Amino acid sequence: MMAIKAEQNGRYVVVNTLLNTTDTTIVDQMNGRIGDSGRLVYFAAKDGMQVHDLTRQDAFIRAKDAAGKIKQVTGIAERIKPSAGLFSMYLPAEFYQASGDIEEAYLAITDSEGNVVSSVPLTFKVLENNMIITSNGSKDYIDQIDGFIDEMRDKIDGLSDSIDSQNRAYISLRDALSVYTDLINKNAVATLGSDNVFTGNNKFDKTISGTITDAINAESASEADTAKIAHKTDDDTGWMDISNNFLTGAAGTAKIRKRNGIVQLIIQAVTGYYDGNKLKNGNQLLKLPWKGSAGANYAGEYSFNYNGAAAALSIVDDILIVHWVTNPSTDKGIHLYATLTYIAND
């Protein structure tokens, strides 16, 4: 196998789809260090000497790192000029978990049905980082953090303890109603619309209202609500495109999914946030289909990387906002990328 250093055209790495599949393109722009939060790489796809038209096409990068773990990221981050083959892809932090040369990697271009129409072998390096201390080894990473849902199941299962407590209360109420109903059947208590005989001294200081039917209906409704709560752990909406939900001043790509009560949100190539909090209404970015908090007093905080430094998003009810950034910028070319997971609050 022959290694060929990638041609550079401005900020773009040129990848030739017609190269022999036994040749590997060295892409230094993909190099990083252990602990890097991610890397945005710009590509220019060519078919030999001609530009590759990416119209109605997509791409993914698949790699096996130095530890032998599989990594994959799917989807073009920004379609800069599809007809000229210009696009960018975002490699998340999971690609930079093991130091050494990547064992194998390739960029694949797919058609509108997901079929691979071309692939280009790539290689890059992950360097040691002696400035950080970590006990976490490299793990397989296939696009999204679905594995996180399994970890969250324990938290959701914890809800069952609360539901069980409610069930016990409902059962106690039902048993009490059964006893009372039995007394009614035996004419041992007074009932409305029936002839009641009071053999003892009875005194009524206030008006008595309501029926046993109300209590029975309330108990039935409670059982139905319990069933609905249990049913919520079976939902899976699949990935939904909510790119049209960006609020005034912001734009980009947004996909969201709710599964077993857990919401995953991915936003890519978002524009509109610059130095000086230019967005209206307190840096509001995106309206979400499911609430992620109980209001402004319980907004929560979700970390991401902005302009090469730490930043955080928040969810106030069903609105995603830019909470703070360490390194704000007036450059309109700085785009925002983030992936976050939260428990649906409705």
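**Entry 1: β12 and β15**

I began with β12 and β15 (residues 125-127), which pair in the antiparallel sense over 2 bridges. Strands here are DSSP runs of E with at least two residues, helices are runs of H or I with at least four, and both are numbered from the N terminus. Two strands count as paired if DSSP finds at least two bridges between them. Across this pair, Asp-101 stands opposite Lys-125 in β15.

I then looked up the sheet around them: 3 strands form an open sheet with mixed pairing, in the order β5-β15-β12. β5 (32-33) and β12 (100-101) have a single partner strand each, so one side of each is left without a neighbour in the sheet.

**Entry 2: what I am working with**

This is a predicted model, in which local features need pLDDT of at least 70 and side-chain atom pairs count only at pLDDT 80 or more, while totals for chains, interfaces and linings use all residues. Residues are numbered from 1 along each chain as its sequence is written, and side-chain values use heavy atoms, with hydrogens and water left out.

I checked the confidence next. The mean pLDDT (the predictor's confidence in each residue, from 0 to 100) is 81 for the chain, and 74% of its residues reach 70 or more. Over residues 226-233 the pLDDT drops below 50, and this stretch has 8 contacts in the model beyond near neighbours in sequence. A contact means heavy atoms within 4.5 Å.

For the whole chain I noted 3 helices and 24 strands. Of the 346 residues, 37% are buried; the cut-offs for relative accessible area are under 20% for buried, over 50% for exposed and in between for partly exposed, with a 1.4 Å probe and protein chains only. Of the contacts between residues at least 6 apart in sequence, 64% join residues at least 24 apart.

**Entry 3: the seven-strand sheet**

I traced an open sheet of 7 strands with mixed pairing, in the order β1-β4-β14-β13-β8-β9-β16. Its edge strands are β1 (2-5) and β16 (141-142), each pairing on one side only. Within this sheet I picked β13 (residues 104-110) and β14 (residues 116-123), an antiparallel pair with 6 bridges. Leu-107 stands opposite Val-120 in β14.

**Entry 4: the cores**

Which residues have the most contacts inside the largest nonpolar core? I found Ile-267, Leu-285, Leu-286, Leu-313 and Leu-320, in a core of 30 residues. Such a core is a set of buried Ala, Val, Leu, Ile, Met, Phe, Trp, Tyr and Cys residues joined through side-chain atoms within 4.5 Å. β18, β19, β20 (284-287), β21 (302-306), β22, β23 and β24 (336-343) each supply at least two residues of this core. A second, separate core has 29 residues, including Ala-6, Val-73, Ile-109 and Val-120.

I also listed what Leu-285 touches. Leaving aside neighbours within four places in sequence, its contacts include Phe-246, Leu-247, Val-270, Leu-313, Leu-320 and Leu-336.

**Entry 5: β22 and its partners**

Why do I call β22 largely enclosed by the rest of the structure? I do so because 6 of its 8 residues are buried. β22 pairs in the antiparallel sense with β21 over 5 bridges, and with β23 over 6 bridges, also antiparallel. On the β21 side, Asn-305 stands opposite Ala-310 in β22. On the β23 side, the bridge partner of Leu-313 is Val-322.

Both hairpins caught my eye. The hairpin of β21 and β22 has 2 residues between the strands, and Asn-307 takes a positive phi near 55° there. The hairpin of β22 and β23 also has 2 residues between the strands, with Asp-317 at a positive phi near 55°.

**Entry 6: positive phi and one serine**

Most residues other than glycine have a negative phi. I therefore looked at where Asp-317 sits: at 27% relative accessibility, Asp-317 is partly exposed, in the loop between β22 (309-316) and β23 (319-325).

Is Asn-260, another residue with positive phi (near 55°), buried or exposed? Asn-260 is buried, with a relative accessible area of 9%. Its loop lies between β18 (251-259) and β19 (262-271).

Last, I went to Ser-243, in the loop between β17 (240-241) and β18. Its side chain makes a polar contact with the side chain of Asp-241 at 2.6 Å. A polar contact is a pair of N or O atoms within 3.5 Å; within protein, one must be able to donate a hydrogen and the other to accept it, and residues adjacent in sequence count only if both atoms are side-chain atoms. Not counting residues up to four places away in sequence, Ser-243 touches Gly-252, Thr-253 and Ala-254.
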